[in-house]
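I opened the notebook to keep track of what I looked up, chain by chain and contact by contact. The entries below follow the order in which I looked.

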Amino acid sequence: MFQWFSTAVAFGVIGLLVLITVILALAAEQSIRTFGLGFLTGNVWNPVPPLAFGAVPFVYGTLVTSALALLFGVPISLGIAIFLSELSPPWLRVPLTYVVELLAAVPSVVYGLWGIFVLGPVMRVSVEPVIQNIFGSLPIFQGNPIGTDKFTAGVILAIMIIPTISAVSREALLAVPDNQREAALSLGATRWETTRLAVLRYARAGIFGAIILGLGRAVGETMAVTMTIGNRNAISISLFDQGQTIASWIANNFLNATDPLELSALIELGLVLMLMSLVINIFARLMLGRVLRRGEGAA
Amino acid sequence: MTFRFDRDTRRRWKNLAMNVAALFCVVLALIPLGSLLFEASVRGFRSISPSFFTLTTGNGGIGNAIQGTLILIALTSVIALPVGILTGIYLAEYGKNRVGAAIRFFVDVMTQIPSIVVGIFAFSLILELGASGIVDPRLVFSTTTGVIALSTIMIPFVARTSEEALRLVPISTRESALALGIPRYRAILRVVLPSASSAVITGALLGIARVGGETAPLLMTCLGNQFWFGGLDQPCESLPHTIYVFALGPDSALNQAAWGASLILVLMMLGIAIASRVVIRLRSVSG
Amino acid sequence: MAAKIHTETMSAWYGPKKAIEDITLDFEEHAVSAIIGPSGCGKSTLIRCLNRMHETIPKARVEGKVLLNGEDIYALPAVTVRRRIGMVFQKANPFPTMSIYENVAAGLRLNGERNRDRLDAAVLESLKQAALWDEVKDSLEKSGASLSGGQQQRLCIARALAVRPEVLLMDEPCAALDPIATAKIEDLIFDLKKDYTVVIVTHNMQQAARVAETTAFMYLGHLIEVGPTRELFERPKETLTESYITGRFG
């Protein structure tokens with residue numbers, strides 16, 4: 001009887017998921033009907049007649065900031081994972097792991113606040129001008145750096161996904177059996193060579209899964225990005241220009257939507273975001289599932 | 001075959017370089033954390049004063065924001081904790097089959113829904129219900145809608161952490177309870193759940209912390225409120241939302257106050273994290 | 001014949017626990033030496049001190065001297081020592097993400113060998129020495145983990161031999177293998193001593209009698225007796241040795 005009850009609750013939770021999908025689809029229906037697939041190829045957002053709404057600039061912004069996040073976040077996360085799993089003295093391991101986890105405990109809006117008043121000015125005054133001096137000939141580094149731009153948003157996203165990627169990677173590295181390390185060491189490999197040869201190769205599926213998981217987080221992140229990206233609806237090549245992501249655009253415009261069609265379009269954007277996040281996370285789970293299963297088999 | 005000595009030294013230098021690089025990555029990641037905590041403490045401290053807690057956000061304080069966050073967390077927990085833990089129990093104890101695997105998969109999917117989408121969902125749900133006349137359409141911007149959104153985030157999270165917590169309990173514990181002739185459901189409630197309690201509680205506290213820091217889903221559900229809490233059908237202020245509004249406003253005094261609010265929020269999160277560690281410590285001593 | 005490896009009052013610890021005490025022992029060149037003894041006697045610890053693998057365990061410590069051709073191996077870089085003294089482990093541990101070829105070539109690549117022809121030749125020779133060439137010559141690109149247990153172990157032997165060590169240490173190499181695979185490896189050990197010095201740890205006395213010229217018997221971390229295998233088994237000097245050999249304890 002209790003079994004029946006808890007089963008019912010569990011099914012109820014799934015019912016909630018169904019409800020979410022249904023409600024969102026219903027609310028987005030007007031927009032879907034009006035624009036069809038053109039929504040995904042359109043790049044205008046016109047809230048006054050003639051009404052036209054397209055998702056491309058936001059998908060672009062999401063992809064750019066997420067790519068930046070991975071570019072900066074992945075190497076640092078791997079470095080942390082390798083340090084904690086292979087190199088760290090035992091007494092340092094637990095406290096350091098805990099501290100890195102602390103990065104994940106900070107709310108997104110606080111990151112955004114720090115981004116506006118601390119990181120942004122640093123970017124504007126020190127970092128971006130220097131980059132422009134050296135690489136200014138490249139189109140991605142042109143424009144007028146004011147510190148609130150896709151670059152800064154990408155950097156903050158990188159910081160926010162580091163705990164995710166490093167924690168899951170660390171698990172993958174720890175799952176590598178010691179006999180693999182011994183095999184490499186007995187051939188005369190240095191510590192780093194052992195890590196490269198025996199550990200990283202063995203754990204590569206898990207590491208890849210960790211990275212995809214981090215990507216999933218980056219794509220859905222809202223507040224920190226909204227507060228640091230500038231929220232300008234335009235597709236521009238330069239990283240030092242303002243931009244927008246799907247999440248930041250919804251956050252900024254949802255309450256300002258006057259026409260019900262615009263509201264519906266924003267909700268459709270939300271559906272697009274949900275779908276992106278879903279696909280990415282299922283992919284990550286597939287990668288990690290293989291790792292977990294293989295770990296059990298090899299033991 | 002002899003190997004040249006230079007190559008060996010080169011390998012040793014490379015080893016040293018990579019080790020240093022790994023350490024450097026750790027330091028690099030800790031810099032923003034350090035900066036954030038430092039700035040929040042220093043800048044935030046300047047705003048802290050008794051009036052900061054007694055004034056409403058309309059007057060530059062955060063009293064109603066703290067009140068709002070506490071109310072939202074409390075109401076969400078009342079709904080989400082039982083539902084989440086029960087789901088976790090189902091997954092861990094009865095969900096070992098195909099159906100259970102499917103449910104687990106979908107619960108995982110739910111944990112990954114971006115929080116702003118959850119906000120849109122709650123908004124749209126009440127909008128639909130309002131349009132059909134089932135509820136007052138003005139309920140769209142209210143504490144209730146906010147609680148719906150936050151619960152939708154908290155339930156799958158707590159379900160998974162509870163499941164993991166219950167899985168940690170060794171099979172032998174379950175078996176010895178059953179061998180005593182206790183019916184299964186009582187074995188779960190009276191034996192298995194208590195032995196997993198510290199992990200379950202930790203999961204619940206983490207869920208509360210997570211939800212307490214969320215802003216995006218609140219933007220279009222419970223909105224914000226310059227005054228003290230006015231009822232479940234009224235918009236509700238919250239700490240994260242206050243930080244957002246104060247930070248983006250042109251008033252530099254409010255910008256400053258955003259840091260104070262952040263400090264309070266971070267301290268609350270820290271408090272919850274410490275509380276969960278204390279719970280684990282207490283439980284492991286007595287258990 | 002000269003002593004290839006000489007240990008002088010060597011002791012080793014795992015943290016506070018002393019595992020082996022005051023071992024003074026010679027291992028002769030181009031010969032097979034066996035170390036036997038009951039579980040827990042320290043024979044694995046002893047062999048791991050010979051190529052400085054013991055110290056890779058946290059809080060592990062070694063005291064005393066180990067000389068390779070008269071050189072103190074604890075004064076040389078560990079990486080160099082491990083290349084000159086190779087090791088094969090109880091459970092075969094080929095790299096599963098690498099092919100058979102890449103497994104054997106792994107040690108050479110670490111040392112900077114890039115030339116494809118030289119690598120091919122070395123892989124061929126090592127697999128022949130490990131008596132595995134005929135069985136895998138047409139499937140070198142298959143994963144190292146796709147072989148049977150006995151084949152995997154011979155792959156590990158080939159991998160260890162590829163870097164041309166002077167000594168090959170074998171820590172109960174046949175413990176996880178069936179009698180047929182074991183026999184193949186014992187035959188191969190017999191051939192190896194022409195070019196290498198082999199030290200083998202085994203819990204199987206008959207194996208020691210089959211392959212080794214010299215046998216050392218250890219008990220509770222101490223070296224009890226060492227001598228020509230025949231003599232140790234037929235006319236042991238210590239009563240402890242005799243008890244072990246006659247099976248009074250195991």
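What follows are my entries on this predicted model.

**Entry 1, chain A as a whole.** I began with the secondary structure of chain A, which comes to twelve helices and two strands. Reading along the sequence, I noted the pattern α-α-β-β-α-α-α-α-α-α-α-α-α-α. Taken along the principal axes, the C-alpha atoms of chain A fill a box of roughly 75 × 70 × 30 Å. I then looked up burial and found that 54% of the 299 residues of chain A count as buried. For the contacts in chain A with a separation of 6 or more, I noted that 75% come from residues 24 or more positions apart.

**Entry 2, one helix of chain A.** I turned to helix 11 of chain A, residues 246-253, and found it mostly covered, with six of its eight residues buried. I wrote down the buried ones as A:Ile246, A:Ala247, A:Ser248, A:Trp249, A:Ile250 and A:Ala251.

**Entry 3, chain B against chain A.** Here I looked up which residues meet, and found 65 residues of chain B in contact with 60 residues of chain A. Several helices of chain B each supply at least two residues of the side that touches chain A, among them helix 3 (63-94), helix 6 (143-167) and helix 12 (252-286). The largest share of that side, 20 residues, comes from helix 1 of chain B. Sorting the side of chain B that touches chain A by class, I noted 49 nonpolar, eleven polar and five charged residues.

**Entry 4, chain C against chain B.** For this contact I found six residues from chain C and four residues from chain B. By class, the side of chain C that touches chain B has two nonpolar, three polar and one charged residues.

**Entry 5, the sheet of chain C.** I traced an open sheet of six strands in chain C, in the order 6-7-8-3-9-10 and with mixed pairing. Strand 6 (85-88) and strand 10 (222-228) of chain C stand at the edges with a single partner strand each, so one side of each is left without a neighbour in the sheet. From one strand to the next, the twist averages 20 degrees. Looking at one edge, I found that strand 6 of chain C runs parallel to strand 7 (residues 167-171) of chain C and that four bridges join the two. Within this pair, C:Ile85 stands opposite C:Val167 in strand 7 of chain C. I also noted that helix 6 (residues 149-162) of chain C lies across strand 6 and strand 7 of chain C, running at about 170 degrees to strand 6.

**Entry 6, helix 4 of chain C.** I looked up the span of helix 4 (residues 116-129) of chain C, whose 14 residues reach 20 Å from the first C-alpha to the last, close to the 20 Å expected at 1.5 Å a residue. Which residues of helix 4 of chain C are buried? I listed C:Ala122, C:Val123, C:Ser126, C:Leu127 and C:Gln129. Seen down the axis of helix 4 of chain C, the buried residues fall within an arc of 155 degrees, so they line one face of the helix. On the other side of this helix, C:Asp117 and C:Ala121 are exposed. I then followed the buried residues of helix 4 of chain C to their partners, and found them packing against helix 3 (100-110), helix 5 (133-136), helix 6 and helix 7 (179-192) of chain C. Lastly, I noted that C:Ala131, just after helix 4 of chain C, takes a positive phi of about 55 degrees.

Conventions: Residues are numbered from 1 along each chain as its sequence is written. Chains are lettered from A and ligands numbered from 1 in the order in which they are written. This is a predicted model: local features need pLDDT of at least 70, side-chain atom pairs count only at pLDDT 80 or more; totals for chains, interfaces and linings use all residues. Two residues are in contact if their C-beta atoms, placed from the backbone, lie within 7 Å. Ala, Val, Leu, Ile, Met, Phe, Trp, Tyr, Cys and Pro count as nonpolar, Asp, Glu, Lys and Arg as charged, and the others, Gly among them, as polar. Two strands pair if DSSP finds at least two bridges between them. Axes are lines fitted to C-alpha atoms, for helices over the stretch in contact, and angles run from 0 to 180 degrees between N-to-C directions. The expected span of a helix is 1.5 Å times one less than its number of residues. A residue is buried if 20 or more other C-beta atoms lie within 10 Å of its own, exposed if 12 or fewer, and partly exposed in between; C-beta atoms are placed from the backbone. The arc is that of the directions from the helix axis to the C-beta atoms.
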